[in-house]
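Got the viewer open? Here is a walk through the model, one selection at a time.

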Amino acid sequence: MEIMKFEQVYKNFIDNGETIQALKETSFTLHAGELVAIIGPSGSGKSTLLTMMGGLQRPTGGKITFKGQALDTMDEDKRNILRFDEIGFILQASNLVPYLTIEEQFQLVDKFEKRKYDKAKSEELMKKMDILKRRNQYPSDLSGGERQRAAICRALYTNPSLLLADEPTASLDSKKAMDVIKLMQEITRNSNRTTVLVTHDDRLLDYCDRVFKIVDGILTQER
Amino acid sequence: MFLALKEIKKEKGRFLLIISIVVLISYLVYFLLGLAYGLALDNTTAIYRLQAKKIILADGSNKNIQSSLIELETLQQELKGLDYSLINLGRSSAYINGQKDDRHTISLVIIGSESNAKIAPTILEGRAVMQDNEAVASISLKHEKDLAIGDTIKIAMNEKEFKVVGFTSEAKYNTSSVIYTDLENASAASMIFKADDTKEPIKILKRVSAAVIHTDEPITLTSNLEIISIQDFINSIPGYQAQILTFGLMIIFLVLISSIVLGVFLYIITIQKKQTFGIMKVQGISSSYISKSVLLQTLIVSVSGLFIGISLTYITQLFLPVRVPFKIDLLFIIAITLLMIFTTILGALFSVKSVAKVDPLEVLN
């Protein structure tokens, strides 16, 4: 099943009056159940690509579709709703609100949606990620690994079709990094969702179905 | 509500600090308000208690009752058929029980009226004036100078002695306490004559200070008299407007400055949370939801700070010496509180604007 499609998408920035092509014309399709890695040196355009996938910025040209809907022309409110319902972000610095406990991170989602807190679902996720006992703690009280697992839980709580992870293992040691990538592989395969991760860590690539490399804004499929 | 309360719970120290700033500023504002109102009352309670709409003074008296002297006969002819009360007002230093030390010396206003007049004082303790040289005193003299029924008040100007036979509710004019007596005893003639000047000068009442009118009906005067509204008369009390304007400006500026200080504080705190707001926006949580939380936090901080400020003001009132002209008026408190909440919210709107400007891309970069 097709989840996301990029058709001749490119992105330009103006810097000091000079046009910089952050992403050159790119086309690819992402399918459900795929774990995809994007690698490349710093400043190569990885984050630009990821933010366009997440609807955080529009392309300069080309067409992006998410589950058949045109993401590139969608207004900001609709993109916000789509991001909230369908896209999960896992950030390098973890996507947790610092003044909410781990359990409250889930409650925030339901408060925003004005619906009843799904305690059973959050507990199931926390149990699965082995952080249930840390539910009443603040993110700052957790270790790096626990924080990242909590961030994954939070991203999965809305049951997104697309999971976008920006350097999810950057702050973790080898063992914890492996635990996290195995977890991501499992949640991608078992729930038939698509996961895209931007990484510098070559050890994660063996767990990915496809690997894209981006250099100077040019995206190529490595395997 | 959820985000606002959870953050306050987590960042107790930070929010206590902001609330304490609101408490201190609002305490100062309410305290000044109490002093301003107290001082205003010290100038005017005796006038408000006259229940008058207008006052008739001699032409050229410059709206000053102490400069006014009107022929009684003329006045009675002019006001025939109207609802009015004649009034005499004198001013002098006086001594309680003849003792001339600081504790027993008072600055006094003597108001004279006919015993059946509308402006005659309501008795709280003791009885009304029934005989010559008797007076009913403002209860403030009991509280401030320990005056008691049966005590005598000797007027320094003419050495006339009044026996205190009762107390009425607090009455002050131009910051001086008032004693009430009959029309003759407070007349200008009575005030300037000493006992040995003539045998009974005060019994010849030819002139009065003024007349107050109790109704709003239009009056046409043919003699050389001036008719002014009671509010105009109050505004002309020497020093009254200067006091009101000074305190008023101080309070308004304090409210504005406190709102700016609070607004800046909240703005700095909001800016510090840019990263967090970015995270929430990446997750799809809207700017309006985050902004509502910032506004609610401002409301919680200001309302709780103002509530503590009001409580402290009431507690302070209990411990202030009675001589300090400090009075709390609930209506003024409510008005100033609403004004402070409004201006604080206005200041918080700058924070809201900064929330809307947070770019989630910054979090990813």
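Start by selecting Ile214(A): it counts as buried because 22 C-beta atoms surround its own inside 10 Å. (A residue is buried if 20 or more other C-beta atoms lie within 10 Å of its own, exposed if 12 or fewer, and partly exposed in between, with C-beta atoms placed from the backbone.) Before going on, note that this is a predicted model, in which local features need pLDDT of at least 70 and side-chain atom pairs count only at pLDDT 80 or more, while totals for chains, interfaces and linings use all residues. Residues are numbered from 1 along each chain as its sequence is written, and chains are lettered from A and ligands numbered from 1 in the order in which they are written.

Ile214(A) sits in strand S9 of chain A, residues 210-215. Helices (H or I, at least four residues) and strands (E, at least two) are DSSP runs, numbered from the N terminus. Which residues does Ile214(A) touch, not counting residues up to four places away in sequence? Show Ile38(A), Gly40(A), Ser44(A), Gly45(A), Lys46(A), Leu49(A) and Leu219(A). Touching, or being in contact, means that the two C-beta atoms, placed from the backbone, lie within 7 Å. For a long ruler, try Ser161(A): its C-alpha atom is 24 Å from that of Ile214(A), and the two are 53 residues apart along the chain.

Two of those partners, Lys46(A) and Leu49(A), lead on to helix H1 of chain A, residues 46-53. Seven of the eight residues in H1(A) are buried: Lys46(A), Ser47(A), Thr48(A), Leu49(A), Thr51(A), Met52(A) and Met53(A). After H1(A) comes Gly55(A), with a positive phi near 70°.

Next, colour the largest nonpolar core, which has 91 residues. Such a core is a set of buried Ala, Val, Leu, Ile, Met, Phe, Trp, Tyr and Cys residues joined through C-beta atoms within 7 Å. The residues with the most contacts inside it are Ile38(A), Ile90(A), Cys153(A), Leu164(A) and Val22(B). Its largest share, twelve residues, comes from helix H2 of chain B, residues 12-48. Zoom in on Ile90(A): leaving aside neighbours within four places in sequence, its contacts are Asn95(A), Ala151(A), Ile152(A), Ala155(A), Leu163(A), Ala165(A) and Pro168(A).

Move over to chain B and pick Ala94(B), in strand S3, residues 84-96. Ala94(B) is buried, with 25 other C-beta atoms within 10 Å. Beyond four places in sequence, Ala94(B) touches Ile106(B), Leu108(B), Ile153(B), Lys154(B), Ile155(B) and Ala156(B). Leu108(B) is 14 residues along the chain from Ala94(B), with 6.4 Å between their C-alpha atoms.

Now for the helices of chain B. Select H9(B), residues 287-319, and H10(B), residues 330-357: they pack at about 150°, with axes 9 Å apart. (Axes are lines fitted to C-alpha atoms, for helices over the stretch in contact, and angles run from 0 to 180 degrees between N-to-C directions.) That angle makes H9(B) roughly antiparallel to H10(B). Angles under 35 degrees count as roughly parallel, over 145 as roughly antiparallel, 65 to 115 as roughly perpendicular and the rest as oblique. Among the residues that meet here are Val294(B) and Leu306(B) from H9(B), and Ile341(B) and Val352(B) from H10(B). By class, the contact has 15 nonpolar, seven polar and no charged residues. In this count Ala, Val, Leu, Ile, Met, Phe, Trp, Tyr, Cys and Pro are nonpolar, Asp, Glu, Lys and Arg are charged, and the others, Gly among them, are polar.

Keep H9(B) on screen and add H1(B). This pair packs at about 55°, with axes 8 Å apart, and is therefore oblique. Leu3(B), Ala4(B), Glu7(B) and Ile8(B) in H1(B) meet Ser293(B), Leu296(B), Gln297(B) and Ile300(B) in H9(B). Those residues divide into five nonpolar, two polar and one charged.

Last stop: the contact between the chains, with 20 residues from chain B and 22 residues from chain A. On the chain B side, helices H1 (2-10), H8 (274-282) and H11 (360-364) each give two or more residues. H1(B) gives the most, five residues. That side divides into eleven nonpolar, five polar and four charged residues. While you are there, click on Gly284(B), just after H8(B), for a positive phi of about 100°.
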